[in-house]
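Thanks for making time this morning. I have one structure to go through, and I will keep to what can be read from the model itself.

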Amino acid sequence: QVQLVESGGGLVQAGGSLRLSCKASGSILRINRMGWYRQAPGEERELVASASTSGSTDYADSVKGRFVISRDNAENTVYLQMNSLKPEDTAVYYCNADVAYRDYPGGTFRPRVLWGQGTLVTVSS
């Protein structure tokens, strides 16, 4: 019932920009942290950026100054603005959220960790 739906991935030349979005839908009581992870071929998944409900943010050193994470709490949406993209940014990007939600109206709210389906970002040199 509750899903994270991602969009915005694609192919871009080095130096270009992309904006990823991730919207949580369903009967949600609250969302704590939301973030973005990425996984390149043959590499482990790594945290790119995260944001609290209040708006405080954390970034991986490799993307500081280039990427910006933001949230629209009214829309249960998190964004990742990616600027000055480099070929090494090529990866599948996954949205992640700590969510308390119920399976149907009137059901029990339970805390859960959700992942998006992933969206591919390819940066050409």
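I will go through the sheet, the core, the disulfide, one buried asparagine and two loop residues, in that order. Keep in mind throughout that this is a predicted model.

Let me begin with the strands. There is an open sheet of four strands, and reading across it the order is β1-β3-β8-β7, with antiparallel pairing. Its edges are β1, residues 3-7, and β7, each of which pairs on one side only. From one strand to the next the twist averages 15 degrees. As general background, the strands of a sheet pair through backbone hydrogen bonds, either parallel or antiparallel.

Within that sheet, look at β7 and β8. They run antiparallel and are joined by six bridges. One residue to pick out here is Phe67, whose bridge partner in β8 is Met82.

Now find β4, which pairs elsewhere. Nine bridges join β4 to β9, and the two run antiparallel. β4 is also joined to β5, again antiparallel, by five bridges. Trp36 takes part in both pairings: its partner in β9 is Cys95, and its partner in β5 is Ala49. β4 and β5 form a hairpin with six residues between them. In that turn, Gly42 has a positive phi of about 75 degrees.

Next, the interior. In soluble globular proteins, nonpolar side chains tend to be buried together. In this model the largest nonpolar core has 31 residues. Which of them touch the most other members? They are Trp36, Val48, Phe67, Leu80, Met82 and Tyr93. Several strands supply at least two residues each, namely β3 (18-25), β4 (28-39), β5 (46-51), β7 (67-72), β8 (77-82), β9 (91-101) and β11 (119-124). The largest share, six residues, comes from β9.

Two of those core residues are worth following on the screen. Start with Phe67. Leaving aside neighbours within four places in sequence, Phe67 is in contact with Arg38, Val48, Tyr59, Leu80, Gln81, Met82, Asn83, Leu85, Asp89 and Tyr93. So Met82, the bridge partner of Phe67 in β8, turns up among these contacts as well.

The second is Leu80, in strand β8. Is Leu80 buried or exposed? Its relative accessibility is 0%, so Leu80 counts as buried. Not counting residues up to four places away in sequence, Leu80 touches Leu18, Arg19, Leu20, Trp36, Val48, Ala49, Phe67, Val68, Ile69 and Tyr93. Arg19 is 61 residues from Leu80 along the chain, yet the C-alpha atoms of the two are separated by 5.6 Å.

On to the disulfide. The structure holds one. It is formed by Cys22 and Cys95, with their sulfur atoms 2.2 Å apart. The pair links distant parts of the chain, since Cys22 is in strand β3 and Cys95 is in strand β9, 73 residues apart. Why is this disulfide called left-handed? The torsion about the S-S bond is about -85 degrees, and the disulfide is therefore left-handed. Both ends are out of reach of the probe by the usual count: Cys22 is buried, at 0% relative accessibility, and Cys95 is buried, also at 0%.

Staying in β9, we come to Asn96. Asn96 has a relative accessibility of 9%, and because the cut-off for buried is under 20%, this asparagine counts as buried. What does the side chain of Asn96 reach? It reaches the backbone oxygen of Leu114, at 3.4 Å. Beyond four places in sequence, Asn96 touches Leu4, Arg33, Met34, Gly35, Tyr37, Val113, Leu114 and Trp115.

Last, two loop residues with positive phi. Asn76 is found in the loop between β7 and β8. Its phi is near 50 degrees, a positive value in a residue other than glycine. Asn76 is partly exposed, at 24% relative accessibility.

The other is Ser84, in the loop between β8 and β9. Ser84 is not a glycine either, and has a positive phi of about 50 degrees. At 41% relative accessibility, Ser84 counts as partly exposed.

That is the end of the tour.

Notes. Residues numbered from 1 in each chain as written. Predicted model: local features only at pLDDT ≥ 70, side-chain atom pairs only at ≥ 80, totals over all residues. Heavy atoms only, no water. Core = buried A, V, L, I, M, F, W, Y, C linked by side-chain atoms within 4.5 Å. Buried < 20%, exposed > 50% of the residue type's maximum accessible area, 1.4 Å probe, protein only. Contact = heavy atoms within 4.5 Å. Pairing = 2+ DSSP bridges. Axes fitted to C-alpha atoms, helices over the stretch in contact; angles between N-to-C directions. Polar contact = N/O pair within 3.5 Å; in protein donor to acceptor, adjacent residues only side chain to side chain. Disulfide = S-S within 2.5 Å.
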